[in-house]
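Reader: Please take a close look at a single part of this model, namely the side of chain A that touches chain B. I would like a connected account that sets this side in the context of the sheets and the helix of chain A.

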Amino acid sequence: MNKLKYSLGLFAVLAVAQISVPVYMIWHREATLRDGRQFRFQTAPVDPYDAFRGRYVALQMAQNSAPISSDEKFASNQKVFAHLEVDDKGLARIVKVTSEQPAGDAHVQCRVSTMTDSLVYLQFPFDRYYMDEEAAPAAEAAYFEHSRREVQDVYVTVRVKEGFAVVEELYIAGMAIKQFLSRGVEEKRF
Amino acid sequence: MKNRKHLQWLYRELPALMNDGVLTAEAAEKLLAYYGEIKESSKKRIALIAFSALGASLVGLGIILLLAHNWDDLSRSVRTVLSIAPMVLGQVLAGWTMIKKKDSVAWREGSAIFLSLAIGSSISLVAQTYHISGDAGRFFLTWMLLTVPLVYLLDASFPALFYLWGMTTWAGIRQDEAGHALFFWPLATVIIPHFVRAVKENRYSVRSIILAWGISICLCVATGLAMEHALPGLWIVTYSGLFAALFMAGSHWFGEAPTIWQRPFQTVGAAGIAVLAFLFTYKWPWQGVGWQHYRSSAEYHAVPAIFDYVLAAALLLFTLYLLIGRVRHDGATTLLFGMLPVVSALSFVVIGFGANTSFAMILSNIYLFSLGIMTTTTGIRNLHLGAVNAGMFILSALIIARFFDSEVGFVIRGLAFIIVGIGFLLTNFVIIRRSAKN
């Protein structure tokens, strides 16, 4: 009986550990979505055949690099902080990259992908936007059309809190992607 | 060893033994009492366990697929509930099994595998809801570490196999990301106590055999994935050592197994040895090997690569230890199978010092040819048709490969074929003459 109690006790600890992983993931992101500062990141046109792998939109940021001075050195895959500013179009812009975390919410934690003499290229912690299985092909078509015409009106809103970023919504032509797609369906009906 | 098949054989023999006066009726009864009834229910039990594990896996995988559809209409709070619910259900089932059904293998395996899958589905659904970027390595590692305690808490073997699969996948992802997978080894050994316990209970039970198959197959894949490959061609020594170690360990500890199915280590080891030896008869494995070609670019990590050398040396020494220990017990064929790492390590070192690749190719041809001949003759001597076929298969593969080998000139190939052919005919002639004399 004691052995059973002991195993059950251990199992209870394991069960709590198992549950706490998704719960922490949810809590951290909910807190960021609620309290985080919103930034709009303009996305770059992606090769349409590569843009949708399965059920998500592969997001690629239009600005994925920042200038660095010649004495700064980062290692590949190093954790860094991209300092953000909002430009006159209301879009997020990376002004500089540091290895030290700054105060406030206007920065996002990234990883260094590559470096040149004057630029550091970044890997953002957000590179996917998941879609409903059935909506994905329509989203692909819309995304393709809006990048082919070179109308730069695709952007993603991201909430940032203490460097932690959570994707909020993907916008095409000023509309949330779901709204944009449902509008498309209605247009086709008439 | 109380094997059901052996008992069945013994009980079938009893009437004849009594008739012929070898055993008295009293002795036969004592035998029956000693060994007891043959457990006829065990087939039914195995079917129950298998279907329970299969059913639980299907339901778990179905839940993962359903949630992966990514229902647009679900709000974030509904998704939160949905992502936790399968896991809680799995935990309740597993807890209930621990309290009420701890003697039922079917319940233990079924609930453990369901909970294992539910953990993965929970994490994926959260990742989908919040558009978390695809860090597959971290996902697999978290999933597997949350799963593996179930192996011990529920004494379940399917989660152990599942864990091995997951850790192997993780090693592959790590290498793909240009990282290293050194931690695969300490993490994989976590299930060794479970395997040892199953083997101590009965090394030929279905549980031990399934685990042994899982471990052998996992090792074949994971060894290559976990290696850094900084020293080109080291895999030749490592894999030769791995297959020979599996084969020799199998014949040392699992030698009494009656069927191929019950000899996973020997079967995987022997097949690996034959395939490797065949590959080594070609030029490509031997090109660009050795220290002069050491790879130092960023994706090859010099420090974790040290473990590659330790692993290769350890496998080589372990095989040598078993070879020396088994010299008196095993026939020449078994020992020859175990000799592959010696042959390939020798070739690797010689070529590493700058020798021509043909050294290794000729040595491997001789080795594989001897292996084929020895397997065939042992098969004939023991009237074991499987071994005869395997030996003939090795020989035919080698002959066909060399016949079409454009690396060697026609004249040399022609002469070699004729000499070997005459050798066979002469041997036959001598055998016939001898048996006629006898």
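**The chain A side of the contact**

Author: In this predicted model, R159(A) stands opposite V166(A) in β11(A). That pair belongs to the junction of strand β10 (residues 154–161) of chain A with β11(A), where eight bridges join the two strands and the direction is antiparallel. Both strands are part of an open sheet of four strands, with antiparallel pairing and the order β1-β10-β11-β12 (chain A). The edges of this sheet are held by β1 (37–42) and β12 (175–176) of chain A; each has a single partner strand, so one side of each is left without a neighbour in the sheet.

The helix comes next. α1(A) lies across β1, β10 and β11 of chain A, and its direction makes an angle of about 60° with β11(A).

From here the account passes to the partner chain. The contact draws 33 residues from chain A and 34 residues from chain B. In chain A, the residues that lose the most area to chain B are F11(A), Q18(A) and Y130(A), which together account for 21% of what that side buries. Between them, chain A and chain B bury about 3000 Å², and 68% of this lies on carbon and sulfur atoms.

As to polar interactions, six residue pairs are in polar contact between chain A and chain B, counted with both residues at pLDDT 80 or more. The elements that give two or more residues to the side of chain A that touches chain B are α1 (2–35), β9 (128–130) and β11 (164–172) of chain A. The largest share, 18 residues, comes from α1(A). By residue type, this side of chain A divides into 22 nonpolar, two polar and nine charged residues. Across the interface of the two chains there is one salt bridge: R76(B) forms it with E30(A), and the closest N and O atoms are 2.8 Å apart.

A second sheet of chain A completes the setting. Five strands form an open, antiparallel sheet in the order β4-β8-β7-β5-β6 (chain A). Its edge strands, β4 (65–67) and β6 (92–98) of chain A, each pair on one side only, and the twist averages 50° from one strand to the next. At one end of that order, β4(A) pairs with strand β8 (residues 119–123) of chain A over three bridges in the antiparallel sense. There, S65(A) stands opposite Y121(A) in β8(A).

Key. Residues numbered from 1 in each chain as written. Chains lettered and ligands numbered in written order. Predicted model: local features only at pLDDT ≥ 70, side-chain atom pairs only at ≥ 80, totals over all residues. Heavy atoms only, no water. Contact = heavy atoms within 4.5 Å. Buried area = accessible area lost by both parts, 1.4 Å probe. Salt bridge = Lys/Arg side-chain N within 4 Å of Asp/Glu carboxyl O. Polar contact = N/O pair within 3.5 Å; in protein donor to acceptor, adjacent residues only side chain to side chain. Nonpolar A, V, L, I, M, F, W, Y, C, P; charged D, E, K, R; others polar. Pairing = 2+ DSSP bridges. Axes fitted to C-alpha atoms, helices over the stretch in contact; angles between N-to-C directions.
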